[in-house]
Amino acid sequence: MAASLRIRPACRVVIDNDWAGDPDGLVALAHHLLSPSNDVRVVTSSSLNPVFGPPEGTAARGAALASELIGLLDASVEGGVHAGPDTTFTGEARTNPAADAIIAEALRDDPLQLYLVCAGPLTNVADALLARPDLVDALVIVWVGGTRDAGGWEYNRATDEDAAAYVLGTTARIIQYPLESYRVARIGVAELEQELAGSGAVGGWLWERFVTLPLPDEVALGEVWALGDSLPLLVTALGRASFEESDLTAGVREVGPDDVRLLIGDLLAKLRLAERRRDV
């Protein structure tokens, strides 16, 4: 096999998601873990929207799925995988191992910029900021959620509206990919099946998560799937050219066709390279 370019970690990443829900979160986790410029330090799990059924146990189930994927990739996540509560943000201090892990990493003395990537409800993020408001100076939040239209409905925000209101009301630097941006990151379901299922053990495992997703009966699937949870990689791993600093400017980000091509092409290439290296 040809030698690869030497790419060093350029940032620390904490990744929070409702891993037991839409499998595009697990696709994004695999992409982050396969990106050598990302030093993924902690993975945290939040619970699902009740549309998927009772939320009890869903944060732990998501943490188990994330751990299984990390094992398949033979990846190292120094700070471990932690499940948050199965209830929404209360505005009061409470025990939350996921929030505690976020806080511990944010308080670490480390020269690498820390990104807190969340592509689900902001429950664990809100609990962490409630416990330690000073964290706003220690990290950059990259959130996939919300809408440009303040009155519009969006799944991640609606799952825990109080958490979203609390986090967005702080002075934290927040880079946001709202519904209008993340629905642009589309791929045909046929292409998704062919490319994931044909990209080795990890790709096959990811495709199986799509096939076995327990969707409510009233949800009718079309022939396109949005991989919106991968958009934070445009900030963490793919947002910088060689020798350039990443753009930390807070605010809503637009997404164009070149971004989508870069994301999907990079993901599939990394899955195939990982499978080739497994066979060596």
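In this predicted model, the loop that joins helix H2 (58–72) to strand E3 contains Asp 74, a residue that is not a glycine and yet has a positive phi of about 50 degrees. Most residues other than glycine have a negative phi. Asp 74 counts as exposed, because its relative accessibility is 71%.

Helix H2 itself contains Ser 67, which has a relative accessible area of 36% and is therefore partly exposed. Although 24 residues separate Ser 67 from Val 43 in sequence, the two are 8.8 Å apart in space when taken from C-alpha to C-alpha.

From here the description turns to helices H3 and H4. Helix H3, which spans residues 97–106, is mostly covered, with seven of its 10 residues buried. Those buried residues are Ala 98, Ala 99, Ala 101, Ile 102, Ile 103, Glu 105 and Ala 106, and they pack against four strands, namely E1 (11–17), E2 (38–45), E3 (81–83) and E4 (113–118), as well as against helix H4 (123–131). Helix H4 is in turn largely enclosed by the rest of the structure, because seven of its nine residues are buried. The buried residues of H4 are Thr 123, Asn 124, Val 125, Ala 126, Asp 127, Ala 128 and Leu 129, and their packing partners are E1, E2, H3 and E4, together with strand E5 (140–144) and helix H6 (161–168).

How do these two helices meet? Two packed helices are described by the angle between their axes and the distance between the axes. For H3 and H4 the angle is about 60 degrees and the axes are 8 Å apart, which means that H3 is oblique to H4. The crossing in which H3 passes H4 is right-handed. On the H3 side the contact is made by Ala 98, Ala 99, Ile 102 and Ile 103, and on the H4 side by Asn 124, Val 125, Asp 127, Ala 128 and Ala 131. An α-helix has 3.6 residues a turn, so residues three or four places apart point the same way. Sorted by class, the residues of the contact of H3 with H4 comprise seven nonpolar, one polar and one charged.

Two further helix pairs share helix H9 (residues 200–211). With helix H1 (residues 24–33), helix H9 packs at an angle of about 165 degrees, and the two axes are 9 Å apart; H1 is therefore roughly antiparallel to H9. The crossing of H1 and H9 is right-handed, and the residues that make the contact are Asp 24, Leu 26, Val 27 and Ala 30 from H1, facing Trp 205, Leu 206, Arg 209 and Phe 210 from H9. By class, six residues of the contact of H1 with H9 are nonpolar, none is polar and two are charged.

The second partner of H9 is helix H8 (residues 189–197), which packs with H9 at an angle of about 145 degrees, the axes being 7 Å apart. Here the contact involves Val 189, Leu 192, Glu 193, Leu 196 and Ala 197 of H8, while H9 contributes Gly 200, Gly 203, Gly 204, Leu 206, Trp 207 and Phe 210. The contact of H8 with H9 is made up of seven nonpolar residues, three polar ones and one charged one.

Val 27 of H1, already met in the contact with H9, is also one of the residues touched by Ser 230: once neighbours within four places in sequence are set aside, Ser 230 is in contact with Val 27, Ala 28 and Leu 263. Ser 230 is placed in the loop between strand E8 (224–226) and helix H10 (233–236), and it counts as buried because its relative accessibility is 4%.

The cysteines remain to be considered. A disulfide is a covalent bond between the sulfur atoms of two cysteines. The structure holds zero disulfides. Why is Cys 11 without such a bond? The closest cysteine sulfur to that of Cys 11 belongs to Cys 118 and lies 17 Å away, which is too far for a bond. Cys 118 is likewise in no disulfide, its nearest cysteine sulfur being that of Cys 11. Cys 11 counts as buried because its relative accessibility is 0%, and Cys 118 counts as buried with a relative accessibility of 0%.

Terms used:
Residues numbered from 1 in each chain as written. Predicted model: local features only at pLDDT ≥ 70, side-chain atom pairs only at ≥ 80, totals over all residues. Heavy atoms only, no water. Axes fitted to C-alpha atoms, helices over the stretch in contact; angles between N-to-C directions. Helix = DSSP H or I, 4+ residues; strand = E, 2+ residues; numbered from the N terminus. Parallel < 35°, antiparallel > 145°, perpendicular 65-115°, else oblique. Left-handed = near helix turned anticlockwise from the far one by under 90°. Contact = heavy atoms within 4.5 Å. Nonpolar A, V, L, I, M, F, W, Y, C, P; charged D, E, K, R; others polar. Disulfide = S-S within 2.5 Å. Buried < 20%, exposed > 50% of the residue type's maximum accessible area, 1.4 Å probe, protein only.
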